[in-house]
Amino acid sequence: MNYTYLILAFAGFGLLSTSLSAQNDYLTNKSESVKNFTRIEQTYPVAIVTEPNTTNKPKNVIFLIGDGMGVSQVFSGIVANGGNLHLKNFRNIGFSETQSASDFVTDSGAGGTALSTGERTYNGAIGVNADTVAIQNIREKAELRGKATGVISTSSITHATPASFVAHQPNREWLETIAADFLKTNIDVFIGGGSKNFTHRRDKKDLTVDLKQKGYQVAYGIEEIAKINSGKLAGFTSDYHNKSKLEGRGNELPIATSTAINILNNDPDGFFLMVEGSQIDWGGHNNNTGIIVTEMLDFDQAIGVALAFAEKNKETLVIVTADHETGGFSIENGNFTTGSVMGNFTSDDHSGVMVPVFAFGPGADLFRGFLKNTDIPKIISELSGY
Ligand code: MG
Ligand code: ZN
């Protein structure tokens, strides 16, 4: 045995596990449960939007996923914003059962895959079925129908939820392999963290070179990203995961949402866009009410951007749901005037409860009542003709 190789192998494994564990920090950062939170910013105004009265099929779809967003998470946002959210504009509301093929309580890989493909799979899977065979997702179907497509996330863009709309891998932890899968698609816009999974890789490749060769504008930071209004865009907002809202992420998510809509809407065939509010989930894992509330309000402001576009456009279906609930979060007391929320938790992991589904625009009434997570992409596909 050549000891140099052995040492190198260990060093390599060390690097891999360090970067992986750094990217799973959101699961383990918990210092102490922070149950109470009081509003720190001004409440924001919520416009009343008019739902188009149409029997036409949707030309565009904006699919917003609040990772870990159960009913309590939504209500914590309502209380903290003084009684109102953009979400309150929705009239077509249902519930989604989130169980995966392997577990009563899903992870975000199986949850994202159910929402992207309409098939239940095992926890940890990304865009593959229970036999690890790749399944086409709704973004790919939209792409094949000639529509422009995009994916936005407040985590690394290779993380489970956005990955489920792009990649096909048996293991959600294979972040660099997932990054390489972006090159196998013709996705028009992606905005999120995780640039290092494209540039600092064990195979020494710099995938941003390949992205540029494929015609992508590769932009770093939300200011640079927001300047782009046409063409293909790979927008990176951080090396790995983005900061939390409390740590100063600012309005990256609503800005990214309007930037993506603006670019994708250039396509006369219409578009499909997935937007993830990733870190509502992390507030649940950390048993931190403040993270939940601030991430919920940030996600709601992205929803406001989508609704404002859909109201004017009249051919856009907006769906908001979650992959699962996180934290077994409950609200024991609160105050609409001060915006304070007294939360509590039954778990630092996901829970198995139903999550809400909100729909607006052409076909929205089909999302009422009790659904399974897998019904949602199937209805989107049927309505959109892909
Ligand atoms: Mg996620
Ligand atoms: Zn989670």
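Along the chain, the donors of the zinc ion (ligand 2) follow the spacing D-x3-H-x64-H. Asp-281 sits in helix α12 (residues 280-285) and His-350 in strand β13 (residues 350-351), so this pair ties together parts that are 69 residues apart in sequence. Keep in mind that the model is predicted.

**Zinc site**
- Coordination of the zinc ion (ligand 2) comes from Asp-281 (OD), Asp-281 (OD), His-285 (NE2) and His-350 (NE2), at 2.1 to 2.3 Å.
- The angles subtended by the four donor atoms run from 57 to 149°, which makes the arrangement around the zinc ion (ligand 2) irregular; a tetrahedral label would need all angles between 85 and 135 degrees.
- Both Asp-281 and His-350 are buried.

**The sheet**
- There are 10 strands in an open sheet with mixed pairing, ordered β6-β7-β5-β4-β8-β2-β9-β14-β3-β15.
- At the edges you'll find β6 (216-220) and β15 (369-372), each pairing on one side only.
- On average, neighbouring strands of this sheet are turned by 15° against each other, direction ignored.
- Four bridges link β4 (residues 148-156) and β5 (residues 189-193) in the parallel sense, and Val-151 stands opposite Phe-190 in β5.

**Helices**
- Helix α14 (residues 375-384) lies across β2 (60-66), β3 (92-97), β9 (316-321), β14 (355-360) and β15, and runs at about 100° to β15.
- With 13 residues at 1.5 Å a residue, helix α11 (residues 252-264) should span 18 Å, and its end C-alpha atoms are indeed 18 Å apart.
- α11 is mostly covered, with 10 of its 13 residues buried; among them are Glu-252, Leu-253, Pro-254, Ile-261 and Leu-264.

Conventions: Residues are numbered from 1 along each chain as its sequence is written. Chains are lettered from A and ligands numbered from 1 in the order in which they are written. This is a predicted model: local features need pLDDT of at least 70, side-chain atom pairs count only at pLDDT 80 or more; totals for chains, interfaces and linings use all residues. Side-chain values use heavy atoms; hydrogens and water are left out. Helices (H or I, at least four residues) and strands (E, at least two) are DSSP runs, numbered from the N terminus. The expected span of a helix is 1.5 Å times one less than its number of residues. Buried means under 20% relative accessible area, exposed over 50%, partly exposed in between (1.4 Å probe, protein chains only). Two strands pair if DSSP finds at least two bridges between them. Axes are lines fitted to C-alpha atoms, for helices over the stretch in contact, and angles run from 0 to 180 degrees between N-to-C directions. Contact means heavy atoms within 4.5 Å. Donors are N, O and S atoms within 2.8 Å of the metal (3.2 Å for Na, K and Ca); water is not among the atoms, so sites may look incomplete. Four donors count as tetrahedral if all angles lie between 85 and 135 degrees; four count as square planar and six as octahedral if opposite donors are over 155 degrees apart and all others between 65 and 115; anything else is irregular.
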